[in-house]
Amino acid sequence: MKFSNLTVVEHPLIKHKLTIMRNKETGPKEFRELLKEITQLLTYEATRNLPTINVKIETPIQTTVGEMVEDKKITIVPILRAGLGMMDGILSLVPNASIGFLGIYRDPDSLKPVEYYLKFPPFSENHYVFIVDPMLATGFSIRYAIKKVKEFGVKNIIVMSLLSAPEGIKNIEEDYPDVKIYTASLDEKLNDHAYIIPGLGDAGDRLFRTK
Ligand SMILES: O=P(O)(O)OC[C@H]1O[C@H](OP(=O)(O)OP(=O)(O)O)[C@H](O)[C@@H]1O
Ligand SMILES: O=c1cc[nH]c(=O)[nH]1
Ligand SMILES: [Mg+2]
């Protein structure tokens with residue numbers, strides 16, 4: 001399946017770490033550490049097109065012009081709860097980014113997102129927003145997050161997920177073809193309860209040992 005807005009970041013280290021995460025025997029400590037590590041690898045690709053500004057500096061030898069990312073113009077939006085598992089990974093590479101929190105849970109019957117918390121920082125002109133959530137299943141949660149961020153006038157929105165289902169990618173692409181999605185794996189499909197298969201179960205429960 002080919003989606004124009006999707007980049008599956010293919011790398012042996014990502015595949016290796018993801019296999020450990022999928023294993024039901026893997027406990028929360030290792031699961032959290034691996035999610036952080038994979039997020040760092042995804043961030044490398046997802047930030048590839050960030051603009052840089054020229055900065056004049058003095059090396060020990062002479063004056064030169066270097067390039068720098070304006071990380072104060074970057075905001076990370078983790079979708080609570082499971083998105084918190086990706087926050088430190090991206091923040092370790094973009095340390096001056098601001099954080100906007102969006103609390104959403106997926107109603108188990110309607111499968112529609114229910115918002116319970118929102119706290120965004122001010123967005124500057126030409127701001128870049130990275131929405132992070134390890135699971136992109138039906139895509140409704142991330143679609144909702146994109147809508148919220150767009151309401152604040154942000155044009156540059158990038159999504160990072162660990163696992164994605166084709167149904168969810170299609171759902172987002174229909175409404176937001178301008179939003180690029182970076183994922184570690186495009187899984188097979190959703191099951192009857194809209195869980196990703198083969199997947200890794202409920203990411204929030206595995207991160208925070210709530211089941
Ligand atoms: O693509 P969707 O079909 O919308 O499903 C994905 C959402 O479901 C999970 O959240 P959940 O409701 O389990 O909340 P949690 O993160 O607090 O566990 C997951 O973390 C995503 O936010
Ligand atoms: O497979 C899934 C689908 C939604 N949320 C999860 O945590 N896992
Ligand atoms: Mg959950």
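This is a short tour of the structure above, stop by stop, with something to select at each one.

**Before you start**

This is a predicted model, in which local features need pLDDT of at least 70 and side-chain atom pairs count only at pLDDT 80 or more, while totals for chains, interfaces and linings use all residues. Residues are numbered from 1 along each chain as its sequence is written, and chains are lettered from A and ligands numbered from 1 in the order in which they are written.

**Stop 1: the whole chain**

Show the chain as a cartoon. You should find six helices and 13 strands; these are DSSP runs numbered from the N terminus, with helices (H or I) of at least four residues and strands (E) of at least two. Along its principal axes the C-alpha trace spans about 65 × 35 × 35 Å. The radius of gyration is 18 Å, which agrees with the value near 17 Å for a compact globule of 211 residues. That radius is taken over C-alpha atoms, and the globule rule is 2.2 Å times the number of residues to the power 0.38.

Now select residues 8-210. The UniProt annotation "domain: Phosphoribosyltransferase", from an unreviewed entry, covers this span. UniProt positions follow the numbering used here, feature names are shortened, and annotations may be inferred rather than shown by experiment. The span is 33% helix and 32% strand, and its end C-alpha atoms lie 29 Å apart.

**Stop 2: the core**

Of the 211 residues, 36% are buried. Buried means that 20 or more other C-beta atoms lie within 10 Å of a residue's own; 12 or fewer makes it exposed, anything in between partly exposed, and C-beta atoms are placed from the backbone.

Select V77, F130, I131 and M160. Within the largest nonpolar core, which has 49 residues, these four touch the most other members. (A nonpolar core is a set of buried Ala, Val, Leu, Ile, Met, Phe, Trp, Tyr and Cys residues joined through C-beta atoms within 7 Å.)

Zoom in on I131, in strand 8. I131 is buried because 26 other C-beta atoms lie within 10 Å. Leaving aside neighbours within four places in sequence, the contacts of I131 include V77, I79, I142 and V159; a contact means C-beta atoms, placed from the backbone, within 7 Å. On the same terms, M160 is in contact with T39, L42, A46, M86, F130, V132 and Y182.

Next, select helix 3, residues 84-93, whose buried residues are L84, G85, M86, G89 and I90. What do they pack against? Their partners are helix 2 (28-46), strand 4 (74-80), strand 8 (128-132), strand 10 (156-164) and helix 6 (203-208).

**Stop 3: ligand 1**

Select ligand 1 and the residues around it. There are 21 of them, the closest being A82, A137, T138, S141 and G204; to be counted, a residue's C-beta atom, placed from the backbone, must lie within 6 Å. Strand 6 (101-106), strand 9 (135-136), helix 4 (140-151) and helix 6 each give two or more residues to this shell. The largest share, three residues, comes from strand 6. By class, the shell has twelve nonpolar, five polar and four charged residues. Here Ala, Val, Leu, Ile, Met, Phe, Trp, Tyr, Cys and Pro count as nonpolar, Asp, Glu, Lys and Arg as charged, and the others, Gly among them, as polar.

**Stop 4: ligand 2**

Move to ligand 2, surrounded by A82, M135, A137, Y195, I196, G199, D202, A203 and G204. This shell divides into six nonpolar, two polar and one charged.

Keep I196 and D202 selected and add G201 and A203: UniProt places the feature "binding site" (unreviewed entry) at these four positions. I196 lies in strand 13, residues 196-197. I196 counts as buried because it has 26 C-beta neighbours inside 10 Å. D202 is in the loop between strand 13 and helix 6, and is partly exposed, with 14 other C-beta atoms within 10 Å.

**Stop 5: backbone details**

Most residues other than glycine have a negative phi, and most peptide bonds are trans. Which peptide bonds are cis here? One runs from L80 to R81, with omega near -5 degrees; another joins I197 and P198, with omega about 0 degrees.

Finally, select L111, whose phi is near 65 degrees. L111 sits in the loop between strand 6 and strand 7 (113-119). R209, in the segment after helix 6, has a phi near 50 degrees.

Note on methods: Two residues are in contact if their C-beta atoms, placed from the backbone, lie within 7 Å.
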